[in-house]
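Welcome, and please open the model in your viewer with the sequence panel beside it. We will take it stop by stop, with something to select each time.

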Amino acid sequence: MRPAAAALAPGPALGHIAARMVDDRQPCDGAGTPEFHRRGGALWCEDVPLADLAARHGTPLYVYSRTAMQTRLAAVRAAFGPDAIVCYAAKANSARAVLQTMHAGGAGFDVVSGGELRRVQAAGLPTAQVVFAGVAKERWEIEAAAAADILAFQVESPHELPLLASVGAQLGRPLRVMLRLNPDVDAGTHAYISTGKKDNKFGVSLAAAGEAVAAIVGSPWLRLVGYHVHLGSQLRSVEPYTAALAKVEAFVAGDPARARGVSHYDLGGGFGIGYGSGEALDVAAVAAALLPRLRARGWRPVVEPGRFLVGDAGVLLTRVLGDKPQGGTEFLLVDAAMNDLLRPALYQAEHPIVAVAPHAGPPRTVDVVGPVCETGDFLARRRDLPPCAPGDLLAVLAAGAYGASMASNYNSRRRPAEVMVAGGVARVIRRRETFEQLLQNEESFDEPTAS
């Protein structure tokens, strides 16, 4: 791993260099957004060469395009209209600068922990359009969110209701809740990111939801304002969303009390991106299919995109350390690892990987692996890449979501730095951890002395 350089990239200088170069930009194969493109064969983010950022800040390094995030958010808002509430799923990438970018584009936030709520507040952002999901909320989290007067709690389990009501009574006002329904809809995604099937831990089954509604309606400290359905991540078709709404409509038709006072329908997120080998979800088609039905009921749409807004907007830069042929496999050794980007090991996710400045020559089929002491430590398997030499840079594309937010210190590795680019300006939004920070919360255990 190369040492990190200065904490702040002199963005205007980079922009000045960029302005003096001929803009011969060409698409980058596998990139889901034009903000990552090639000029003179080399990979750029907006108006900044990625090689310059790696030289300044070391690798592994996350780099995000602010413009790409803004463009995706604007597309979602345009599709669902001005009445829709867009709540960015903070778990996808919770960096303060990312949250601020989303707020500037008119988004609220979907949080799943008290820590994520604290991040929103620490960024100086309002909480009036925050929704709070999660199957195991603790009392302190509910108290903090209630004090922040968030838009609504998404009730995931009947056991939450007495706790929510208790906090409402403590504050002397009812808490707004949306009941998260589990409609048993197969979204056709990886088992680990499916959330709307009957054997998933999320939401309340339709069979049990009637009792939950009755408990909410019967409490003076709870107010039912909507229903929430989230089917999982990386959905690429409209049908799961329409199927889920049909089941919710049928449930509501079963008892007039289930519709009384309901003003919101949260269709969740899970909007899929291409990852270089497929099509992203047609978000406008989802909106076109659902909005007429929601308007007919007077239900305001709430959407929770996370990956769709930031996934294609980020890359992970890593430097080649060497190669190792063994057992019929060509291993390409790099300085990024599963602790930096867990998705390939956890989900068998396939991120496009490209050379930042490719060499000429026939491609080789390689496994791209890191230094972590696990056989599961890989960024890609059986991937065709151009010839690579030690010191070359690779870019793992579509790494803006569930990359840095899932990073860890496994093998006592420091989590990577993160840089955001806007035009020709590049700034560090999270510094690389120091070894001192890894140890700062630890204490020695001194052997007790005999008295």
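The tour starts with the whole chain and then goes to single residues.

**Before you click**

This is a predicted model, in which local features need pLDDT of at least 70 and side-chain atom pairs count only at pLDDT 80 or more, while totals for chains, interfaces and linings use all residues. Residues are numbered from 1 along each chain as its sequence is written, and side-chain values use heavy atoms, with hydrogens and water left out.

**Stop 1: the whole protein**

Show everything as a cartoon. You should find 13 helices and 22 strands; these are DSSP runs numbered from the N terminus, with helices being H or I of at least four residues and strands being E of at least two. The C-alpha trace spans about 75 × 70 × 50 Å along its principal axes. The radius of gyration is 24 Å, which agrees with the value near 22 Å that a compact globule of 451 residues would have. That radius is taken over C-alpha atoms, and the globule rule is 2.2 Å times the number of residues to the power 0.38.

Now switch on the surface. About 19,000 Å² is accessible, and carbon and sulfur atoms hold 53% of that; the areas come from the Shrake-Rupley method with a 1.4 Å probe, and for residues only the protein chains shown count as cover. Of the 451 residues, 53% count as buried. Here buried means under 20% relative accessible area, exposed means over 50%, and partly exposed is in between (1.4 Å probe, protein chains only).

How much of the contact total comes from residues 24 or more positions apart? They account for 71% of the contacts with a separation of 6 or more, where a contact means heavy atoms within 4.5 Å.

**Stop 2: charged pairs**

Side chains of opposite charge can pair when their charged atoms come close. The count here is 15 salt bridges, each being a side-chain nitrogen of Lys or Arg within 4 Å of a carboxyl oxygen of Asp or Glu.

Select arginine 25 and aspartate 47 to see one of them, with N to O at 3.3 Å. Arginine 25 sits in the loop between α1 (11–20) and β1 (26–27), and aspartate 47 is 22 residues away in the loop between β3 (42–45) and β4 (48–49). Arginine 25 is partly exposed at 38%, and aspartate 47 is partly exposed at 25%. Add Arg39 to the selection: Arg25, Arg39 and Asp47 are linked in a network of salt bridges.

Next, pick aspartate 110 and lysine 91, whose closest N and O atoms are 3.5 Å apart. Aspartate 110 is in strand β7 (residues 108–111), while lysine 91 is in the loop between β6 (85–89) and α4 (96–104), 19 residues apart. Is each partner buried or partly exposed? Aspartate 110 is buried at 3%, and lysine 91 is partly exposed at 30%.

Then go to glutamate 249 and arginine 293, a salt bridge of 2.9 Å, N to O. Glutamate 249 lies in helix α9 (residues 239–253) and arginine 293 in helix α10 (residues 283–297), so the pair ties together parts 44 residues apart in sequence. Glutamate 249 is buried at 16%, whereas arginine 293 is partly exposed at 27%.

**Stop 3: valine 229**

Center on valine 229, in the loop between β12 (222–228) and α9. Valine 229 is buried, at 1% relative accessibility. Leaving aside residues up to four places away in sequence, valine 229 touches Leu181, Pro183, Ala244, Val248, Tyr265, Asp266, Leu267 and Gly268. Draw a C-alpha to C-alpha distance to asparagine 182: the two are 47 residues apart in sequence and 6.7 Å apart in space.

**Stop 4: backbone details**

Zoom in on threonine 59 and proline 60, which are joined by a cis peptide bond with omega about -5°. Proline 60 is in the loop between α2 (50–57) and β5 (61–65).

Finish at asparagine 411, in the loop between β20 (393–396) and β21 (417–422). Phi of asparagine 411 is near 65°, a positive value in a residue other than glycine. Serine 412, also not a glycine, has a positive phi of about 55°. Asparagine 411 is partly exposed at 35%, and serine 412 is exposed at 54%.
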